[in-house]
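Colleague: Please take me closely through one part of this model, the sheet core, and then follow it outward into its surroundings. Keep it brisk.

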Amino acid sequence: MEGTEKFSGLADVYTAGRPTYANALFECLYTRQGFSEQSVIADIGGGTGKFTKQLLDRGSFVYCVEPNGDMRAAAVRDLGGYKRFRAVNGTASETALDGSSVDFITAAQAFHWFDAALFREEAKRILKKGGKAFLIWNMRDMSDAVNRSSFALFSKYCPDFKGFSGGMGKDDPRIGTFFGGKYQYMEFDHPLVYTSRDTFISRGLSGSYSLKPGDEQYGEYVEALAELFDRYAKDGVLTVGNQTAVYFGPLEATEE
């Protein structure tokens, strides 16, 4: 999985700063898309288990497949109490799961790290007949001044910054490659609410592109994140425009 080591050492700030995903998405998955307490789900690139937990809270059995040891250990620490949780050391192209073993595949805030063609082949291998895959992102609303200012801040300080969500745009060609050219799309309004400056700073520091302690300008960078929170927060609360977006479908379609 490309970028596997970029998240080493980030598990704590990832857990503290990364948001959950829209509740309306889960209502849709469990009432209209066939998810249930009986479902076996492979959450690929599960990280510290943000999306995994929301599936577990619905009663499903979830394999959290994550190659980064730090992130996977955090998921085990936080989710080990769930009887239907399994942490797996695997990648999008080599999940270590049995063939035809899962009803659904999810990948939340992770697909942009994968080789789409290799992931497609592995997903086809582990999905049961009739199974579907779901690619999910929290997508920043760029009409929001906070997000525009954040983009400018990361562009200034972070040499590895290529845009939010790894630079993935809507209907990115890699999504078509993965689904064989045919998929569906939904999005759900999901504004992000930060009730403390520290949480907002942790969200910035959790990015794979973020400066780390010891990097040149790190202190100035953290101060800039704090100033950004203070500039836009009202009564100590900052609300940021965001949608949870999902691309989904079966993998039976073939490329033209």
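**The sheet around strand 1**

Modeller: Strand 1 pairs with strand 2 (residues 61-65) in the parallel sense, over 5 bridges. Keep in mind that this is a predicted model. The route between these two strands is a β-α-β crossover: the chain leaves strand 1, passes through helix 3 (residues 50-56) and arrives at strand 2. That crossover is right-handed.

Strand 1 has a second partner. Strand 4 (residues 102-108) pairs with strand 1, again in the parallel sense, over 3 bridges. Individual residues fix the register. Asp 43 stands opposite Cys 64 in strand 2. Asp 43 also stands opposite Thr 106 in strand 4. Ile 41 has Phe 104 of strand 4 as its bridge partner.

How much of strand 1 (residues 40-44) is buried? The count is 5 of its 5 residues. Look at the side chains by direction. Val 40, Ala 42 and Ile 44 point one way. Ile 41 and Asp 43 point the other way. Both sets are buried, and that includes the acidic Asp 43.

Part of the surroundings comes from helix 2 (residues 23-32). Its buried residues are Leu 25, Phe 26, Cys 28, Leu 29 and Tyr 30. Strand 1 is among the elements that cover them, along with helix 3, strand 5, strand 6 (184-189) and strand 9. Just after helix 2, Gly 34 adopts a positive phi of about 90°.

Now move across to strand 4. Of its 7 residues, 6 are buried, so strand 4 is largely enclosed by the rest of the structure. Strand 4 runs parallel to strand 5 as well, and 6 bridges join the two. Within that pairing, Ala 108 has Ile 136 of strand 5 as its bridge partner. The connection is another right-handed β-α-β unit, built from strand 4, helix 5 and strand 5.

Next, the aromatics. The whole structure holds 31 aromatic pairs. Take Phe 111 and Trp 137. Their ring centres are 6.1 Å apart and their planes meet at 85°, so the pair is edge-to-face. Phe 111 sits in the loop between strand 4 and helix 5 (116-126), while Trp 137 belongs to strand 5 (residues 127-140). The two are 26 residues apart, so to speak bridging distant parts of the chain. Phe 111 has 1% relative accessibility and therefore counts as buried. Trp 137 is buried too, at a relative accessible area of 2%.

Strand 5 supplies another pair. Phe 134 and Phe 248 have ring centres 5.4 Å apart and planes at 5°, so this pair is stacked. It links strand 5, home of Phe 134, with strand 9 (residues 242-249), home of Phe 248, across 114 residues of chain. Phe 134 and Phe 248 are both buried.

Phe 111 and Trp 137 are also members of one aromatic cluster. The other members are Phe 114, Phe 119, Phe 178, Phe 179, Tyr 183, Tyr 185 and Tyr 247. Tyr 185 carries a charge over its ring: the charged end of Lys 170 lies 4.0 Å from the ring centre. A second case is Arg 140, which lies over the face of Phe 164 at 3.9 Å from the ring centre.

Arg 140 and Phe 164 lead on to Asn 147, since each is a contact of that residue. Asn 147 lies in helix 6 (residues 145-157). Buried or exposed? Asn 147 is buried, with a relative accessible area of 0%. Its side chain reaches the backbone oxygen of Asp 141 at 2.9 Å. Beyond its neighbours within four places in sequence, Asn 147 also contacts Met 142, Val 240 and Gly 241.

Finally, back to helix 3 from its other side. Tyr 82 lies in the loop between helix 4 (69-79) and strand 3 (85-88). Tyr 82 is partly exposed, at a relative accessible area of 25%. Setting aside residues up to four places away in sequence, Tyr 82 touches Lys 53, Leu 56 and Asp 57. With Asp 57 there is a polar contact, side chain to side chain, at 2.5 Å. For scale, the C-alpha atoms of Tyr 82 and Val 246 are separated by 25 Å.

Key. Residues numbered from 1 in each chain as written. Predicted model: local features only at pLDDT ≥ 70, side-chain atom pairs only at ≥ 80, totals over all residues. Heavy atoms only, no water. Buried < 20%, exposed > 50% of the residue type's maximum accessible area, 1.4 Å probe, protein only. Helix = DSSP H or I, 4+ residues; strand = E, 2+ residues; numbered from the N terminus. Pairing = 2+ DSSP bridges. Right-handed = clockwise from strand over helix to strand, strands pointing away. Phe/Tyr/Trp six-rings, centres within 6.5 Å; stacked < 30°, edge-to-face > 60°. Lys NZ or Arg CZ within 6 Å of the ring centre and 35° of its normal. Contact = heavy atoms within 4.5 Å. Polar contact = N/O pair within 3.5 Å; in protein donor to acceptor, adjacent residues only side chain to side chain.
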